[in-house]
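Let's take a walk through this model together, going from charged pairs to a sheet, a ligand and a bit of surface. Keep the 3D view open as you read.

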Amino acid sequence: MYLKQREGWIEVITGPMYAGKTEELIRRVKRLEYAEQNVIVFKPTIDDRYAADEVVSHNNTRTRSINIMKAAEIMTYVEKDTDVVAIDEVQFLDEEAVAICEYLADHGLRVIVSGLDRDFRGEPFSFMPRLLSLAEEVTKLSAICVCCHTPATRTQRIVNGKPANYSDPIILVGAKDTYEARCRHCHEVPGRPAVYDALGGNHD
Ligand code: ADP
Ligand code: ZN
C-alpha cells in the first residue's frame with residue numbers, strides 16, 4: 001500500500017564504528033542526487049581522518065561535504081531550494097544540532113544524519129538519545145565483532161595496545177588510540193561500574 005507522506009522528516013543511521021553508517025549515508029545521498037534533489041552534506045571538522053572536503057567511508061566510498069565547527073553553521077548554507085541536509089558523524093557536533101534537525105524537518109527538508117549511538121564505554125553518546133527519539137526513522141546497523149565474528153554493537157577503544165579504562169579521558173595526549181568493533185560480550189572496559197548499578201538497579 002502506498003501512503004502519501006508530507007515532506008520533512010528526520011532519519012538517523014546509527015550503530016558502532018565500522019557498521020557501515022557512512023556508507024549508508026553516502027548511498028542515500030547518491031540516490032537523491034540521481035533524483036535531482038538538492039542535497040548538502042556536512043561533517044564536523046574534528047573528523048579529518050581521510051579528506052578535508054569529503055565524507056569517506058572505511059571501504060572508501062566518498063561524497064563531497066562541507067566542514068563545519070558548529071551546528072549553527074548549517075543554517076548559513078541552507079537555501080530556499082535545498083531539499084536534503086545530510087550530516088555525517090553528527091555526534092561530534094554541539095547539541096544545537098538536535099534543534100536544527102527538528103527545525104529543518106519542520107520546514108519540509110529531509111534530514112539524514114549518521115552517528116555513533118554509544119561512546120567507547122558503551123554508554124549513550126551525548127545528545128544521540130534525543131535525536132534517536134525525535135527521528136521518524138532509525139536504522140541501527142551492526143558491524144562484525146573482531147573477536148568472535150558475531151554482530152558487533154560496541155566500539156572497543158584500545159590505548160597503547162590495551163582496552164581503554166572507563167575513566168580515560170576522550171582525548172589522551174601522546175597515546176596511540178585505535179578502535180575496533182566488538183559485540184556486547186567481547187567489549188572490554190576495565191574499571192566500568194557494574195552495569196546493574198550504573199543503570200540504577202536496586203539490590204533490595
Ligand atoms: P561507519 O561509518 O559505521 O564507521 P563505514 O561506512 O565507514 O562505517 O565503513 C563500513 C565498512 O567498514 C564495511 O563495509 C567494511 O568494508 C569495513 N569494515 C572494517 N572492519 C569491519 C568490521 N569489523 N565489521 C564490519 N565492517 C568492517
Ligand atoms: Zn564478540
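There are 11 salt bridges in this predicted model. A good place to begin is the one between Arg-110 and Glu-11, whose side chains come together with an N to O distance of 2.8 Å. This pair ties together distant parts of the chain, since Arg-110 belongs to strand E7 (residues 110-116) and Glu-11 to strand E1, 99 residues apart. Is Glu-11 buried or exposed? Its relative accessible area is 2%, and the cut-off for buried is under 20%, so Glu-11 counts as buried. The two residues also belong to a wider network of salt bridges, in which Glu-11, Glu-24, Arg-27, Arg-28 and Arg-110 are linked.

Next, find Lys-140 and Asp-117. They form a salt bridge as well, and their closest N and O atoms are 3.2 Å apart. Again the pair links distant parts of the chain: Lys-140 sits in strand E8 (residues 137-140), while Asp-117 is in the loop between E7 and helix H4 (128-134), 23 residues away. The two partners contrast in their surroundings: Lys-140 is exposed, with a relative accessible area of 58%, whereas Asp-117 is buried at 7%.

Asp-117 has another contact to look at, this time through its backbone. The side chain of Thr-14 reaches the backbone nitrogen of Asp-117 at 3.2 Å. Thr-14 is found in strand E1 (residues 9-15), and with a relative accessibility of 1% Thr-14 is buried. Asp-117 is thus held in view from two sides of our tour: by the salt bridge with Lys-140 and by the contact from Thr-14.

Now move along to a small sheet. Three strands make up an open sheet in the order E12-E11-E13, with antiparallel pairing. E12 and E13 stand at the edges and have a single partner strand each, so one side of each lacks a neighbour in the sheet. As a reminder of the chemistry, strands of a sheet pair through backbone hydrogen bonds, either parallel or antiparallel.

How many bridges join E11 and E13? There are six, in the antiparallel sense. Two of the pairings are easy to pick out in the viewer: Ile-158 has Thr-178 in E13 as its bridge partner, and Arg-157 has Tyr-179 in E13. On the other side, E11 and E12 pair over two bridges, also in the antiparallel sense, and here Val-159 stands opposite Lys-162 of E12. E11 and E12 form a hairpin with two residues between them, and Asn-160 in the turn has a positive phi of about 50°.

Strand E11 (residues 154-159) is mostly covered, with six of its six residues buried. In a regular strand the side chains alternate between the two faces of the sheet. You can follow this in E11: Arg-154, Gln-156 and Ile-158 point one way, Thr-155, Arg-157 and Val-159 point the other way, and all are buried.

One of those residues, Arg-157, brings us back to salt bridges. Its side chain meets that of Asp-177 at 3.0 Å, N to O. The pair spans 20 residues of the chain, from Arg-157 in strand E11 to Asp-177 in strand E13. Arg-157 is buried at 1% relative accessibility, while Asp-177, at 27%, counts as partly exposed.

Which residues come nearest to ligand 1? Of the 14 residues around ligand 1, they are Tyr-18, Lys-21, Thr-22, Glu-23 and His-58. Several backbone atoms lie at polar-contact distances from its oxygen atoms. For His-58, a backbone N or O atom is 2.7 Å from an oxygen atom of ligand 1; for Tyr-18 the corresponding distance is 2.9 Å, and for Gly-20 it is 3.0 Å. Taken alone, ligand 1 exposes 580 Å², and the protein buries 75% of that.

To finish, turn to the surface. Ile-170, Ile-171 and Val-173 form a nonpolar patch there, and together they have about 370 Å² of accessible area. Ile-170 lies in the loop between strand E12 (162-163) and strand E13 (177-182), the two edge strands of the sheet we visited. With a relative accessible area of 49%, Ile-170 is partly exposed.

Key: Residues numbered from 1 in each chain as written. Chains lettered and ligands numbered in written order. Predicted model: local features only at pLDDT ≥ 70, side-chain atom pairs only at ≥ 80, totals over all residues. Heavy atoms only, no water. Patch = residues over 30% accessible without salt bridge, like charges linked within 9 Å, V, L, I, M, F, W, Y side chains within 5 Å. Areas by Shrake-Rupley, 256 points an atom, 1.4 Å probe, with all protein chains shown as cover. Salt bridge = Lys/Arg side-chain N within 4 Å of Asp/Glu carboxyl O. Helix = DSSP H or I, 4+ residues; strand = E, 2+ residues; numbered from the N terminus. Buried < 20%, exposed > 50% of the residue type's maximum accessible area, 1.4 Å probe, protein only. Near = heavy atom within 4 Å. Polar contact = N/O pair within 3.5 Å; in protein donor to acceptor, adjacent residues only side chain to side chain. Pairing = 2+ DSSP bridges.
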